[in-house]
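Please open the structure in the viewer and keep the selection tool at hand. The tour proceeds from one selection to the next.

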Protein chains: 2
Amino acid sequence: MTCRKQYVVARPAYCEDSFAEEHEKFSRLHKTMLDHVKDYLTCDKKRMKNVALSLLPVVGWMRTYRIREWMLGDVVSGVSTGLVAIMQGLAFSLLASLPPSYGLYTAFFPALAYFFLGTSRHISVGSFPVLSLMVGAVVTRLVPENAPPANITDFEGLTQDHQRVLVASSVTFLMGIFQLAMGVLRVGFVVVYLSDTLVSGFTTAAAVHILVSQLKFVLGLNVPGISGPLSIIYTLEKIFGQMASSNVCDVVMSSVIMVVVFIVKELSERYKAKLPVPIPVEVITTVVACSVSYGFNFEKTYEVEVVGQMISGYESPIAPSVEVFQESAMEAFPIAIVGFAVAFSVAKVYSIKHDYTIDGNQELIAFGVSNIFGASFRSFAASTALSRTAVQESSGGKTQIAGLISAMMAMIVTVALGFLLEPLPKSVLGALVIVNLKGMLMQLREISHLWRRDKFECVVWVGTCLSAILLGLDLGLAVGLGVELLTVVFRTQFPRCSVLANIPGTDLYKDRKDYLHILEPKGVKIFRIPSPIFFANIEFFRDKLLEAVGFNPLRILRKRNKALKKMKNLFEKQGDTMMEENMDMFSKDPKGFPFHVDWNAELPANISVPKVGLHSLILDFSAVSFLDISALKGLKMALKEFIRVDVDVYIASCDACILDKLKSCTFFDDDVHTSMFYPTIHDAMLHVFNKHNTETRTKWVVSKKQNKTKQNKDTTLL
Amino acid sequence: MTCRKQYVVARPAYCEDSFAEEHEKFSRLHKTMLDHVKDYLTCDKKRMKNVALSLLPVVGWMRTYRIREWMLGDVVSGVSTGLVAIMQGLAFSLLASLPPSYGLYTAFFPALAYFFLGTSRHISVGSFPVLSLMVGAVVTRLVPENAPPANITDFEGLTQDHQRVLVASSVTFLMGIFQLAMGVLRVGFVVVYLSDTLVSGFTTAAAVHILVSQLKFVLGLNVPGISGPLSIIYTLEKIFGQMASSNVCDVVMSSVIMVVVFIVKELSERYKAKLPVPIPVEVITTVVACSVSYGFNFEKTYEVEVVGQMISGYESPIAPSVEVFQESAMEAFPIAIVGFAVAFSVAKVYSIKHDYTIDGNQELIAFGVSNIFGASFRSFAASTALSRTAVQESSGGKTQIAGLISAMMAMIVTVALGFLLEPLPKSVLGALVIVNLKGMLMQLREISHLWRRDKFECVVWVGTCLSAILLGLDLGLAVGLGVELLTVVFRTQFPRCSVLANIPGTDLYKDRKDYLHILEPKGVKIFRIPSPIFFANIEFFRDKLLEAVGFNPLRILRKRNKALKKMKNLFEKQGDTMMEENMDMFSKDPKGFPFHVDWNAELPANISVPKVGLHSLILDFSAVSFLDISALKGLKMALKEFIRVDVDVYIASCDACILDKLKSCTFFDDDVHTSMFYPTIHDAMLHVFNKHNTETRTKWVVSKKQNKTKQNKDTTLL
């Protein structure tokens, strides 16, 4: 075994005070907040250049573009990604409750802006199902299907579709403003709060919402979009109510497509290694469905709802509606956060794989500008879809040139080939969306994993998922975040406290319940505080500490005070005899109270005070990573209570920062002083042994002597 | 100095594995959740009796009531408290926007119920200004002064005052239900989240609201109550707009009263020790004001608004309105929380002072029932007021008998003496409320204290106070709570990481920046993680760690892989000569890659890979009080990166619970194993020294030998 060496140490035993005396400390100047602000605002030429470059990353990577090596890959990748982007654009526009043309817009405009501003070279910018659905929720809230639209003056004179486009582009514009603002304020770090667990629960809930929202298309029903809390239940209720009037053609067609696509996908997943490129089954299905629908005139013959009139070319830019901003601010913010978080996490994966850095704040700026730019041209919320980005990267894309080419593909369809898509049944799009939810829904399996490993995370997952399903995605995300942050508090709030004891023959101290052979010196308790101390757990620790020592010092003190009063009376009646018999030290202070009594000695017969078997209490502070002011007050009070019943309190392994803080917050006074701090438990223990061995040896002598002098003093006073 | 002893230890150097081998462990059975539930639901006779007794604390303390000792004190205290309760009842009913009679109801009914159910013997149950104001906000929202009331069918056929009473009693009823439910579910611990700092900021904001709400009375203006966010600003706007039309009589009278009461209070505070009882200046003022107002007929002569018609006797009970429940549920919950939190914190102070225990959950039940009972008889939200409780305790109250007597006083006034109060001007009540805000407003001084001691707490204080002022008390409380919980996350999220080094001649390791003389062995880094690790800070720690070691292992690994490819080519061209010249260990694995290269040795001229000066990394985990799954994954990834570039990673002082958790979460695999855990930094350091001293001594021999065998193997393969 490599571990079989000796650990031999011989050094002075320290307390923190003596350690500080012996080992000189630097007095470090810590930067004040002002210094940080100054640093931040300093500005020189080099810095300016860097800032300028970082704002336009395209300049950086274009200069090092290797045309011969990368161009082919980028073109191939751009074309394949473009096909997917077109398909997804059409399908996800259904989620956003918008005409399909606008999905193609979303595959074009945002990608253009991202080309110039983005730092990721691999993500495919465009529509993302969860975002589309979140936008769709606002759209159907403000412009419901079968009811008059919200009271917004900008809606006047617009058709329902145009009203919807106005809402979607306004929400997207606002989302872009939020992202841009966060990027400029450099607060991109907020996405760390969206932990993997939270995102997994949230996207699973989104998958459920997407599934439900597509049911009406695959069943060929006409169910109005409902938004707000519990909308999913009302929607399901309506769908089941109308189930009987489903369009058979739609149901058959979408079932066939779902089964075929599912099987092909499973097979190509299994034989991935053997296939040169993944089978573009969605594209094939779409083409086949289009032809069949056109050939048999599904729209007329079977009353199948088709994509219908595609807008050829681009419409003029529109200004966002401020009234919509006011109505949807609470929803645009979570959309902005989710959009960025997804894009950033996908971008990070590929940046690690291909070894380049991405800049979170610049990404926020890029997406902010992309969305503002896109919204001005009527496209809706853009982020990235994991599936599309995977296609772009795996088919050989090296830079955003591939993104640009995929945007061009979307443009070509918009400008010239849109009419080909007109006979495509919406149920086909719905079926394709549903079949792609498999991955997201499979995340449900995480519940049992999480439950076995970490109950708290399981609660976060289930809490986020359920609230996002029931309350809607935006509110659900907020609730999930709240639950997640609460778990951090909870974890530190009720930790497992333990009483430590010495492992014989070592300087190590472990939980006394864990080991068979363990040394617990009499009269000493070592209590470990295994987490930070703050307002929410100081009372908990106090209770646990009292439980560990087995008595409440406050109560002991009160009983002693009562006994003192009795003894005072006794003393006044009986005089010196009692004193000599019963007490070690005894003197009168100005109030006429006995000065000091050895409470563990035999007391007069009619006076009983619980005995305290403890003379020293050592608190292990090694895991206390911070202390707040409530904790500081509570701790001081608890320590004082022990000190007043003659228990010496020591604090071991306290972090230097915390000690500094205690000093600056006037924690120390006549009872509580810095000499109670020791660098290790063993140092404190050595001190305790030393003090109490000497004392037990010399106690009687000393106390007898003192007793005499006190008595003399008393007699002179009397 | 007492610290000057020697610290001498000689023991085997351990790693956690060898320690576990040598020191037998108990295999403790931890209780599962099911066990806890079973324990909780177990039911035997003794337990039943205890539960029954704890539900009716009056039985407990009545049995030990010492009539001779306590009765006199209770009666005197009851009478004095009663006078204060009547005054406050009248005044605080103005805050609740209700006719003053109902304030007297609130001083009677809840106290009756609390007498039977409460565990505190000293608090005076009745109206509390902050609660009254919160109820008032709901009242003026649903039944505004100059506008039609909310669309609630229960309002039909009621006068405005009766509508308001219905709203107030329904909100109080709902608040009681919330409190009762929390008590039954035993979740009284939630009040720990209301830290001192939060409560201080919140009550200061409440004082500002109270001040503004009373301005209209002391100025004699008729300003309708406004509720909702920013209402305080609109109210102030209206008041300043009407300032010119103030009632001079009201202004003069209230100014005089405020000055007189303020001075008398200051004086009696200063000469507290010399006064037998505090001067009942409020009562005297009220009597004088009543007489003067009656004598000069202020109501008619100066158009002063007076208390007016008091209801003589009690009205019949009313049922709460379910519609009001629906309208006010979001507001009743914070009212329930605040009401309980204030009462509980006051009760705790006196229970500690007088050494008896109070039971948080029973208190919740007591206040729940009190409020439900009170609401049925048209009284509004009850809790306790610190000032009134102070009177009850300081004037000799020993038990809730005093509370009962004070309730009787209120009853007498309601039934018989109410008419005496009818000429009392409302401005007098307003002035008395304002002058009593001094203590709450003085809390503003805390800002500078907090800023110097703890920036986070200062942010919580200011955040709570500002949001409670601007957004209203209920929403402000929620925002404050959110900010407070976020600070807990923040404190653990960006802690100060440090690189440790040895204090020469000891086994202690301290921040290397702090000490002048410090020993930092070459090739070893000791990195201290000073807080729990979780989703929000794992990336932060990774960055800090890379900063501390000075290189990014992932990048090194990638450069090495590139170099390996080059070397492979070189090797294939040049054959064995290069190998012998340049490398220590070298072999082919199945993919044809060289097996192992000493990257710090001289590499062929055209290949350059950054050298890594580090051979061992020790992570000090002593302050890591928990780890979540994201952190676990991130940590594992970070460790693996280091291990792959041949840096040995050791983890020191890891908590036993965390080690168990790592084991159960499949943290360990071929690269990451339990042998990297060491009980102390020094143990790990000894291991490192041992390993690298031996290695440098024996390295050449060993590596030469291996080199040979590998070469032989290679030749057989070729």
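Which unit do β7(A), helix α26 (residues 629-644) of chain A and β8(A) make? They make a right-handed β-α-β unit; right-handed signifies that, with the strands pointing away from the viewer, the path from the first strand over the helix to the second runs clockwise. Helices (H or I, at least four residues) and strands (E, at least two) are DSSP runs, numbered from the N terminus.

This is a predicted model, in which local features need pLDDT of at least 70 and side-chain atom pairs count only at pLDDT 80 or more, while totals for chains, interfaces and linings use all residues. Residues are numbered from 1 along each chain as its sequence is written, chains are lettered from A and ligands numbered from 1 in the order in which they are written, and side-chain values use heavy atoms, with hydrogens and water left out.

**First selection: strand β7 of chain A**

Select residues 616-620 of chain A. This strand, β7, is mostly covered, with 5 of its 5 residues buried (under 20% relative accessible area, 1.4 Å probe, protein chains only). A:Ser616, A:Ile618 and A:Asp620 point one way, whereas A:Leu617 and A:Leu619 point the other way. In a regular strand the side chains alternate between the two faces of the sheet.

**Next: the partners of β7(A)**

Add strand β6 (residues 524-528) of chain A, which pairs with β7(A) in the parallel sense over 5 bridges; two strands pair if DSSP finds at least two bridges between them. Here A:Ile526 stands opposite A:Ile618. Then add strand β8 (residues 648-652) of chain A, which runs parallel to β7(A) and is joined to it by 5 bridges. In β8(A), A:Tyr650 is the bridge partner of A:Ile618.

**Next: the sheet of chain B**

Turn to chain B, where 6 strands form an open sheet of mixed pairing in the order β5-β4-β6-β7-β8-β9. β5 (509-511) and β9 (677-678) of chain B stand at the edges, each with a single partner strand, so one side of each has no neighbour in the sheet. Strand β4 (residues 498-502) of chain B runs antiparallel to β5(B), with 3 bridges between them. B:Asn502 stands opposite B:Tyr509.

**Last: where the chains meet**

Display both chains. In chain A, 98 residues are in contact (heavy atoms within 4.5 Å) with 98 residues of chain B. The rule finds 8 salt bridges across this interface, a salt bridge being a side-chain nitrogen of Lys or Arg within 4 Å of a carboxyl oxygen of Asp or Glu. Select B:Lys661 and A:Asp454, which form a salt bridge with the closest N and O atoms 2.5 Å apart.

Notes:
Buried means under 20% relative accessible area, exposed over 50%, partly exposed in between (1.4 Å probe, protein chains only).
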